[in-house]
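Student: I would like a close look at one part of this protein, the largest pocket, and then a walk through its surroundings. Could you take me through what lines it and what else stands out along the chain?

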Amino acid sequence: MHVLLHRGPRLLLLRRSRNSPYAPGLLCLPSGKVEPGEDVVTAAVREVAEETGVVLHPSMLRCDLVLQHRPPRGPLRIGWFFTAEGWPGARHPDAPDTVRNAEPHKHDELVWADPDDPPHDLVAYTRAALDAIRAGTPYALHLQQPHDTVHDDGHAAQRLAAIRAADHGNEPLRRELGLRAAPRMGRPWVWHPDEPVPGSLRVAQAAGWLFADDGRILLVADQGMLALPGGGTEDEDTDALGTLTREAYEEAGAELGASTYLGYLHDHDALIHGGTPVARARYAARLARLGPARADPATGREWRRFLVDPATAVDLLGWGRDGLREARSAQHRAHEVLGVPIAGDRSVVEVPRHRASSWPKKTNG
């Protein structure tokens, strides 16, 4: 296990002894092995105290990454990477330093470094872990080759591979609202902001970030499964925006005002569209009117409707960092082009089936 100790903007690294049998003279995080019968949290607390003199409570540790690592030589291992939150001295970088080199026979010095631009003399395994944590990756593989070096010589990022992970961030809120995230089937869909759909791709679906007057967007849910308003193209649609206009009305009783094209998602597998790669067009638009809920002609069921700030929408949809980039693009474009205000706080409200003429007020946040 490994522990990230931040003091203000700096991260603590330990320089391994030049006599160390592994990675001599290189920088690493406070770390160590789990002893027999010991859990990883207890081991993290013990190792930090033994190496730095810092006494942590288990509740201070937040797990940022689980990384399976294969060194150039030796067996596979699994590393747990924790961030220490709220430890004494964490918020006061100029205060007297109580951190010390408690094992001078193992480490030559302590180094406070910029985590976004760490020194070059890092253990490659450590560098890979910092890259994964910086990217927000909770689970990953770092599988080195026999000709690689223990030292980070630039290959660490090449050997790092993220493992797709479930989004647990808003599971309690989903359960409270009776919702679940709809999976994006196949490989991750690649977001192409501001790019026209190439002629080689068929537009098979269109969806929209539809903004209310307060900056929140509309989400719809069928049988508890959340989505942006939109759907598959039909022969009667004049173009992708026509698809979105029709689908938004059929699903949510929503009428669109001014709109702007955002880009497209490249669905390489198109598992529900015949297997040939397709484009999924995205728009931002103002909600001109949100009428009463109505039965969708395709299913005969009424969709539930929610007004949500864009960041919370991404959490509820389970789209992760890629989805957040799309949401920020939509929010920025809606603000700059359509005059939509930036939603000020995180909130979710379900729109009544027979809504009033004014926008509903938020009920939770």
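Tutor: Here is the pocket, followed by a few other places along the chain.

Please keep in mind that this is a predicted model. To set the scene, the protein chain has seven helices and 18 strands. Its C-alpha trace spans about 75 × 45 × 40 Å along the principal axes, and of its 365 residues 47% count as buried.

Now to the part you asked for. The largest pocket has a volume of about 1,300 Å³. Its lining is made of 37 residues, and the closest to its centre are Ala165, Gly318, Trp319, Gly320 and Arg321. Four elements give two or more residues to this lining: strand 5 (61–70), helix 4 (171–177), helix 6 (310–317) and helix 7 (320–338). Helix 7 provides the largest share, with five residues. In chemical character, the lining divides into 20 nonpolar, seven polar and 10 charged residues.

Helix 4 also leads us to the next stop. In the loop between helix 4 and strand 10 (190–193) you will find Met185, and Arg184 is found in that loop as well. These two sequence neighbours have their own levels of cover. Arg184 has a relative accessible area of 17%, which is under the 20% cut-off, so it is buried. Met185 counts as partly exposed because its relative accessibility is 40%, a value between the 20% and 50% limits. Met185 joins Leu271 and Ile272 in a nonpolar surface patch of about 310 Å². Arg184 and Leu271 are 87 residues apart in sequence, yet their C-alpha atoms are 10.0 Å apart in space.

Beside Leu271 in the sequence is Ala270, which sits in the loop between strand 15 (254–267) and strand 16 (278–290). Its relative accessible area is 0%, so Ala270 is buried. The backbone at Ala270 deserves a look too, with a positive phi of about 45 degrees although the residue is not a glycine. As background, most residues other than glycine have a negative phi.

A second alanine gives you another case to inspect. Ala23 has a positive phi near 50 degrees, again in a residue other than glycine. Ala23 belongs to the loop between strand 3 (10–16) and strand 4 (27–28), and it counts as buried because its relative accessibility is 6%.

Helix 2 (residues 124–134) is worth a visit for its cover. Eight of its 11 residues are buried, so the helix is largely enclosed by the rest of the structure. Those buried residues are Ala124, Tyr125, Thr126, Ala128, Ala129, Leu130, Ala132 and Ile133. Just after helix 2 comes Gly136, where phi is positive at about 75 degrees.

Finally, look at Glu350 in strand 18 (residues 348–350). Glu350 is partly exposed, because its relative accessible area is 36%. From Glu350 to Gly74 the C-alpha distance is 55 Å, and the two are 276 residues apart in sequence.

Methods
Residues numbered from 1 in each chain as written. Predicted model: local features only at pLDDT ≥ 70, side-chain atom pairs only at ≥ 80, totals over all residues. Heavy atoms only, no water. 1 Å grid on protein atoms, 1.4 Å probe; cavity = no way out; pocket = protein on both sides within 12 Å on 5 of 7 lines; lining within 4 Å. Points joined across faces, edges and corners; volume = space filled by probe spheres on them. Nonpolar A, V, L, I, M, F, W, Y, C, P; charged D, E, K, R; others polar. Patch = residues over 30% accessible without salt bridge, like charges linked within 9 Å, V, L, I, M, F, W, Y side chains within 5 Å. Areas by Shrake-Rupley, 256 points an atom, 1.4 Å probe, with all protein chains shown as cover. Salt bridge = Lys/Arg side-chain N within 4 Å of Asp/Glu carboxyl O. Buried < 20%, exposed > 50% of the residue type's maximum accessible area, 1.4 Å probe, protein only.
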